[in-house]
Amino acid sequence: MKTKAPVLAGLLSLAARTGKADPTWPAPIDHMEEIVYQLQGFKGSLFNDIITPCNNEAAGPGRITASEWLRVGFHDMSPHNRFFSGGTDGLDASLQFELNNGENTGPGHKTTLEFFANYLSSRSSMADLIAAGVYASVRSCGGPVIPLRLGRKDATRAGGGGVPQPQNSAFTFRSQFDRMGFTQTEMIQLVACGHTLGSVHSTEFPQIVPAEIGHIPFDSSRAGFDNKVVTEYVARNTTNPLVSKAAADAGRNSDFKVFNSDGNATINTLTDPTVFSNTCRTVLQKMIDVVPAGVTLTDPIAPYAVKPVDMQLTLNSDGTFSLTGYIRVRTTALPADSIKNVVLTWKDRNGGNSCGSSVTCSTTATLQGVSAGFDDTFGFFPIQATIPASSGISSFTLALNLNDGSSQSYDNNGNSYPMSDAVVLQKPQSCLLQGSGALTVSALVRNDLVDLPVNLLVSYLVPRNTADGNPVPALTESTIPMAKGDCVGQYTFYSASFTIPGGLSHNARISVAAGSNANAYTDAFNKASDLSGTCGTFTGGTTCSDVTTSSVITSTTSVPPSSSTSVPATTTSSSSSTGSPTPAVKPTVGGYVFVSCWTEGSGVRALTGAAYAYDEMTLESCMANCTGFDYWGTEYGRECYCGNSLAASSTEAAVEECNMVCGGDPTEFCGAGNRLELYSTTATRTSTATSTATATATSGPAIKPTVGAYTRVGCQTEATAGRALSAKEVFANDDMTLESCAAYCEGFTYFGAEYGRECYCGNNLNAGSVPAPDSECNMLCAGDALEYCGAGNRLELYRLSTVSLSTTEVVTSTTSTTSASATATLSRNPIVSPYSFVGCWTEGTGVRALSAKTYASGTDMTLESCAAFCAGYKYFGTEYSAECYCGNTLDASSSEAPSVDECSMTCSGNPLQYCGGPNRLELYETDTVSNPGGGGGGGETPGQPTQPETVEGGWTFYKCMTEANGARALDAKTWADDTMTLEGCASFCEDYEYFGAEYGRECYCGNSFAEGAVEAPASECSMPCAGDGEQLCGNGNRLSVYSKTA
């Protein structure tokens, strides 16, 4: 017995990952659980494909996709306002409506949302997918496991804005994070954890990163989730562009402002790797758990130990049901090869043991496939049982038998696993033409339920095609009454047809319901792409008869068990018969020839023209489905894909890896998991995006020695400080071929293809570009998988055959020796009348050194304007390039800084003056004091922001107003911009009765105020406008409101 202990321990640990039992199946989390944990291999969701490995740059060169995913989570959460009733905005997918508001720059937000949209459904909200993206991006890069809770709801419009921007002051950052619900310490932690991945790009931040450099990483390991962003900052050898002098000069050194906002106290605690990891786990979970009021999240999810997947009934012509599907077993702690089998035992419709010809109501399954996630592995055991339709099925239990003789039973937490036979989707008699979206669905309804209304429910995605470029399609649902048909035994056929609009029918989910609301009997959430392109005809059957069901058996379920998350794989019987046919590769099928076994793309299908799936798959039927396409391929024994080109990341595999027989013909091979049995047409290609060569059984990608008038030079690096070829604007296209690149660069000496889809031209190679090994140019052309088109930072380089290469063609860099003729230089100002320079001083310990009066201007701060603002006070000081502080006394904990050089930031309004530094005051003092109490001010001065009584266009100041209860006070129209002025907001709201400016950079319009918006003291609207430091634009949760009718 002792030999069984280790295996039993592993078995018991199946449900011990979080110390909890599995959820009671089916559960609302099931679909997301499979997306998040069941990533690669058999029935893998591929959710991590474009972030694994961590240095994957699917969004383009230099853009670490995982870092884009992480920042999408932060940007989506950032508009949260905890000061409203319970909190508004938060992680709610409103980012899809906010891509053009000026706060969410760069392509990463859109490309990330486009990828997540492939997984959007009624059981996987975009908001939950964004949260899952944070978990996945961190884990893919070696970071901690972020606990993931579900249940977020998607917004239907833009949020209020308020994403922190690098030009903000430390005070503004603290205010913004406080609004989101984060303390100053958590703000520092969150920024450090968020900036351990990726780079800052010149396209979005040209003031920080020069265009010729392109991007600068936050630390030396931009593709690893570690604490180098912290340790390099503390050691003062950081290259973080948001700490650099260039950023400081531009007032955009936001990481420095944040990290140093508490005198580096918090950032120093994160130098320990374990502390950093644990801290990030906590603060990132808090970030993704920030949700609007009224949203209730689940407990953190974990993978099931044992889970039924894709369980489905199908009526056969002989009056029996086929029960198919899989039992997925978590094999993380229990090796798959230690499991002998899984036994499923069912109860009939009335809870009894009526099994027809079977001795017992059970079936045995052995391992067929495996899949894996970041931290877990799974084994799949295919179920295939024959059940008499006359007795049906109501539930089942499971037994896991191990090779050492031990076993464990699973009964769904004492409930048994429900399997209703009340409503059955008949997939063989249903079909979908994905091109047109034409859908026909047939279903069976048990005869005791035929008096109920029967409806087809189709959930599908429709591209928005809106002016704001929202990349997330609208999730739409249609209900279609089903027509009653023939009675077969104890069931009656129902059917309905519907055309799925939007061109995304392959993402649709179909459900059949008898009855309505909570009392409905359903077969729900079935993938439309599982259906064949042709509806089969039901033959045979038995005489129509009544059904008797026991009153003690519940036959409805609120979450139907026929939930599916990926295209089901073929199932095979565990028994074999003698004389079985031997499968073989078919060299030709109709007008197509066998190419090879071929992989799917990275995160994409190799063939995307059309897709079909059904259990009777053959090579011939797939070819018929794909008539008119250049390529087709079969996969998983039952799937068929068509297309005119192969994805660039798809590659040839060993023929032996395509080893699954076709479901409809055991003499043929139909690919395997992630493997296509690929065929190519022998006719003239229908698309110039594909090769014109005739594919053979051994054809594959190869280096092309010549392309038209060009001869291959080799694989070449980019230049040291930019592109190797820069004479013409880059051409990028998803149909890229060497031929199309050569045509684009006609007349130039060189052309080069890079990253599978980019094309560059030039007459010479820029400095630093050198030959690289051919093996490093390994990406296939997006438009022709038989050609190579460079790789990341690698050019597949060609030059005109009539031009010879010489070393003089390489451009060398030059350094200008010209000096500026201007005599003005950056220097300290000893006198700013009537003030004299005292020195560089620190802030107080947890308090301001000068606390009587303050204002900030990101564009107009000068020593003179601050002195005027502080007229009458003994001291004034400038800080962080843009902040001004006044007072008659210095806090006792403030002291002179060790060096005047610590006040090294230039003034936002005069680059020839110093305006302090992070946590450092450029301090001035006078003996002329007219405000001895430290309160009040010296009257309006040129540098003091005010609330104008009128604004051009007929506007009059109305009031300082609060926001409404759980909503915006003015919600008709909104705009946010770093150049905000009252005049700009007035112009934006010209068609409305009121406009209000908030938080320095936000503008809201409306004709009336929402309930709960009330007048606030005018002094609370004290934040200068981002685009005009002499005007006031509200404050956090405060609107400076103007009216046309006041």
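This section describes the overall make-up, sheets, helices and aromatic contacts of a predicted model.

The protein chain contains 16 helices and 56 strands. Of its 1046 residues, 55% are buried. The accessible surface of the chain comes to about 40600 Å², and carbon and sulfur atoms contribute 51% of that area. Among contacts in the chain with a separation of 6 or more, 73% are between residues 24 or more positions apart.

One open sheet has six strands, arranged in the order S40-S41-S47-S43-S44-S42 with antiparallel pairing. Strand S40 (831–832) and strand S42 (853–856) each have a single partner strand, so one side of each is left without a neighbour in the sheet. Within this sheet, strand S43 (residues 875–879) and strand S44 (residues 883–887) are joined by five bridges in the antiparallel sense. Glu879 has Glu883 of S44 as its bridge partner.

A second open sheet is built from four strands in the order S17-S16-S20-S21, again with antiparallel pairing. Its edges are strand S17 (474–481) and strand S21 (521–527), each of which pairs on one side only. From one strand to the next, the twist averages 15°. Strand S16 (residues 454–462) pairs with strand S20 (residues 509–514) over six bridges, in the antiparallel sense. In this pairing, Arg509 of S20 stands opposite Ser459. Arg509 also takes part in a contact with an aromatic ring: its charged end sits over the ring of Phe525, 4.1 Å from the ring centre.

Strand S24 (residues 610–613) is covered on both faces. In a regular strand the side chains alternate between the two faces of the sheet. Ala610 and Tyr612 lie on one side of S24 and Ala611 and Ala613 on the other, and all four are buried. S24 runs antiparallel to strand S26 (residues 639–643), to which it is joined by four bridges. The bridge partner of Ala613 in S26 is Glu639.

Residues of this region also meet Asn625, which is found in helix H13 (residues 619–625). Asn625 has a relative accessibility of 18% and therefore counts as buried, the cut-off being 20%. Apart from neighbours within four places in sequence, Asn625 is in contact with Tyr612, Tyr614, Cys640 and Cys642. Asn625 and Tyr612 are 13 residues apart along the chain, and their C-alpha atoms are separated by 7.9 Å.

Two further helices were examined for burial. In helix H2 (residues 30–37), eight of the eight residues are buried. The buried residues of H2 include the charged-type names Asp30, Glu33 and Glu34 as well as Met32, Ile35 and Val36. In helix H6 (residues 170–180), the buried residues are Ala170, Thr172, Phe173, Gln176, Phe177, Arg179 and Met180. An α-helix has 3.6 residues a turn, so residues three or four places apart point the same way. The cover over the buried residues of H6 includes helix H3 (65–77), helix H7 (184–194), helix H10 (254–259) and S44. After H6 comes Gly181, which has a positive phi near 105°.

A search of the whole structure finds 41 aromatic pairs. The ring centres of Phe177 and Phe182 are 6.3 Å apart and the planes stand at 75°, so this pair is edge-to-face. Phe177 is buried, with a relative accessible area of 2%, and Phe182 is buried with a relative accessible area of 2%. Phe182 also has Lys286 over its face, at 5.0 Å from the ring centre.

Phe321 and Tyr491 form another edge-to-face pair, at 5.3 Å centre to centre with 80° between the planes. Phe321 belongs to strand S5 (residues 320–330) and Tyr491 to strand S19 (residues 491–499), so the pair ties together parts that are 170 residues apart in sequence. Both Phe321 and Tyr491 are buried. Elsewhere, ring pairs link Phe47, Trp69, Phe115, Phe116 and Tyr119 into a cluster.

Conventions. Residues numbered from 1 in each chain as written. Predicted model: local features only at pLDDT ≥ 70, side-chain atom pairs only at ≥ 80, totals over all residues. Heavy atoms only, no water. Pairing = 2+ DSSP bridges. Helix = DSSP H or I, 4+ residues; strand = E, 2+ residues; numbered from the N terminus. Buried < 20%, exposed > 50% of the residue type's maximum accessible area, 1.4 Å probe, protein only. Contact = heavy atoms within 4.5 Å. Areas by Shrake-Rupley, 256 points an atom, 1.4 Å probe, with all protein chains shown as cover. Phe/Tyr/Trp six-rings, centres within 6.5 Å; stacked < 30°, edge-to-face > 60°. Lys NZ or Arg CZ within 6 Å of the ring centre and 35° of its normal. Axes fitted to C-alpha atoms, helices over the stretch in contact; angles between N-to-C directions.
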